[in-house]
Amino acid sequence: MSSPVRISQKDAIAIITIDNPPVNAINPDVTQSLGARVDEAIADAGVRAVVIIGAGRNFVAGYDINEFVRIVSGEKEIDVHLGNVLDDIELAPKPVVAAMQGAALGGGLELALACHYRIAGPATQLGQPEVKLGLIPGAGGTQRLPRLIGSYRAAVMCATGAPVTAAEALDNGLIDEIVEGDLLEGALRFAAALTSPRPTRGKDQSLSTFILPKLPPKLKPLFAPNQALAAVELANRLPFAQGLIEEQRLFRECLYSNESKALVHVFLGEREVAKVPGVPKVTPEIKLAAVIGAGTMGRGIAMAYANAGVSVLLTDESPDALERAMLAIRAQYKSSASKGRMSPADANSRIERIQKAEGYAGMENANVIVEAVFEDMVLKKRVFADIDSFASHDAILATNTSSLDIDQIAAATRRPERVIGHHFFSPAQVMRLLEIVRGKATSPEVTGASLGIARILGKVGVVVGNCRGFVGNRMFHCYRREAQFLVEEGARPADVDAALVDFGMAMGPLGVGDLAGLDVGWRIRKEHRHLDDPSVRKPLIEDMLCEAGRFGQKTRAGWYRYDDERNRIDDPEVESIAAEAARRAGITRREIRADEIRDRCLCALVNEGCRILEEGIAARPVDIDMIYVTGYGFPPHRGGPMKYAELAGWRRVHDRVRELERVHGSLWQPASLLAKLAAEPAG
Ligand code: NAI
């Protein structure tokens, strides 16, 4: 196997090239090989200066994340050798220059910091993003960076993980020069002019100028950003060598934290869900997308395609609705341009990519057809029979239904193997999740192509099976049901939402209901009331809110009241409705603490997630986790519902569910998979 780091020489300058595709990540092999090349360059009397550069598009994008996983699982030891190699570079008797392009992140930036000089191409991104994986720099970054650019700026970089551009790096002293044109040529020219190494350590800063930034509210409760601040603070107080030891201690605490395990799981999960056993990797050619139904979802889906550079034909049976959609799309793009999120030219080309169609005219050329009409089976079947009559033989026929049976919809066509669910989330041009729902006839090629479409749209595609609510909404139903029970039993809506927001959810379950509209579920429940099992408790309160005309934000009242700015206000009327619901259900209301709220809502998610796995509706726990993190506002630092349960301990979750079953009855019966996992020895 060829070495991932090679050395060559030009005019007495050694060129050390890191070449570890795809992104030049550092791993123990790279460290070892880099160390050997550095030794060679130092020992060679003919070498006056050294340039370290990356092959390909990046300098070094970071330390290999899979290595961290192996260390945490006990398979490997921490690569302490990297610290020695960086010391050797820093203490080299010849000037060493880091020449950076593309990504100079994490371990990559730490390597550059140990060099005496740093230069970069204009598009280079420099950063310490370790906190995004629940870690902090562990190879001297928290000690060298403050000595170079000051504690405040270093703390911002290490604690937020946000990268800086080459221009910002030049401005704050992180780099010495921006190289326009060929980077290696620029580096050789720069190195040729150097006469000696430049001491980089030892410049301890004056305490009087020492200020640390405050963490933004979203980062404040997290472990790693606080550890990063602590490490940078120590750089100010301790001599360099001692600072490194402390950094290592703080780094190890992060490495074994649940926060890091969860974030690494989510990071790797994004790649894992794209690989589905039995589904081929397909990169479909999508030149034209057709969207039928130009309501809330249809227009968002059209924009998602236009944003990815795909032309779209949009239609609606109501000319007024179509006209409104076209105006709304135009207004959204114009507003994005006016806020500087895209150039006016870019906004215009996206607007032009979406054309309205009369009926289905032109849609016979579409590579993918997405149906987004009302949630009504009879209507959807009719629309799919139409699609079947005009679509080209190799088109993908997708429905955006959020709950209906894909097999029934597919049966309305003569090609059920080409029919699949593409369940987008609102707003479809923003939300990253695409739940890809396979029917029993859907071909593996169409499923693979759908994953390809998710990639084209910049979304996370997760393949699931066909059942009521699929994975996301089926679990969400149990979660929201529990939230409603809690209010009936005595919790205030604001307490329920706050307990889950404190846990890290983007929104509380009741606030989400108000945003989406409570009337949608109410109508569905009314239709299915004859199917209810009277022996199973069901929440009464949301129906009662709807009966009182409280549909959520759209009627300015739901679980809360809303003022003109849509600020939410607690409403005593909801309290009386809750008390009446409790009376009808024969419940004595009581005070309920935040931990009970959190436990019950989360255990409801986990228990249903286990059932979904048992039934094979989701193939792997990671599929559920990615659905929740990318589509339902579940905090990435908790890893998704299934990872959360694993980290909390399956036995603990199971015991809690058992306890809830004793108090609240059969809805809480533990899934057999949950019982099985709880019985396994903790790993
Ligand atoms: P919407 O009511 O905003 O829009 C539906 C549009 O379909 C209307 O403009 C209507 O005129 C049009 N339409 C009805 N029959 C048609 C036909 N035969 N041909 C062409 N157009 C027709 O509904 P929304 O919210 O956009 O939902 C659409 C679908 O997306 C539903 O299946 C819904 O369950 C699903 N969905 C909705 C989400 C949401 O947050 N609203 C999220 C994910 C999926």
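Q: How many bridges join strand S6 to S9, and in which sense do these strands run?
A: In this predicted model, strand S6 covers residues 117-120. One pair of facing residues is Ile119 of S6 and Glu177 of S9. S6 and S9 run parallel, and the number of bridges that join them is 2.

Q: Which strands are the edge strands of the open sheet of 6 strands?
A: The strand order is S1-S2-S3-S4-S6-S9, and the pairing is mixed. An edge strand here pairs on one side only. That applies to strand S1 (5-10) and strand S9 (177-178).

Q: Is strand S11 mostly buried or exposed?
A: The strand spans residues 311-315. A residue counts as buried when its relative accessible area is under 20%. By that cut-off, 4 of the 5 residues of S11 are buried, and the strand is mostly covered.

Q: Which strands pair with S11 in the parallel sense?
A: Strand S10 (residues 288-292) pairs with S11 over 5 bridges, in the parallel sense. Here Ile292 has Thr315 as its bridge partner. Strand S12 (residues 354-356) also pairs with S11 in the parallel sense, over 3 bridges, and Val312 has Ile354 as its bridge partner there. The strands asked for are S10 and S12.

Q: What is the handedness of the β-α-β crossover from S10 to S11?
A: S10 and S11 are parallel partners. Between them the chain passes through H12. The crossover is right-handed.

Q: Which residue has a polar side-chain atom 2.8 Å from an oxygen atom of the ligand?
A: Backbone atoms also approach the ligand: a backbone N or O atom of Glu317 lies 3.2 Å from a ligand nitrogen atom, and a polar backbone atom of Val373 is 3.4 Å from a ligand oxygen atom. The contact at 2.8 Å, by contrast, comes from a side chain, that of Ser402.

Q: What share of the ligand's accessible area does the protein cover?
A: On its own, the ligand has 830 Å² of accessible area. The protein covers a share of this area equal to 79%.

Q: Which element gives the most residues to the shell around the ligand?
A: The ligand has 21 residues around it, and those that come nearest are Met297, Asp316, Glu375, Lys380 and Ser402. By residue type, the shell divides into 9 nonpolar, 8 polar and 4 charged. Two or more residues come from each of helix H12 (296-307), helix H15 (377-390) and strand S15 (419-424). With 3 residues, the element that gives the most is H15.

Terms used
Residues numbered from 1 in each chain as written. Predicted model: local features only at pLDDT ≥ 70, side-chain atom pairs only at ≥ 80, totals over all residues. Heavy atoms only, no water. Pairing = 2+ DSSP bridges. Near = heavy atom within 4 Å. Polar contact = N/O pair within 3.5 Å; in protein donor to acceptor, adjacent residues only side chain to side chain. Areas by Shrake-Rupley, 256 points an atom, 1.4 Å probe, with all protein chains shown as cover. Nonpolar A, V, L, I, M, F, W, Y, C, P; charged D, E, K, R; others polar. Buried < 20%, exposed > 50% of the residue type's maximum accessible area, 1.4 Å probe, protein only. Right-handed = clockwise from strand over helix to strand, strands pointing away.
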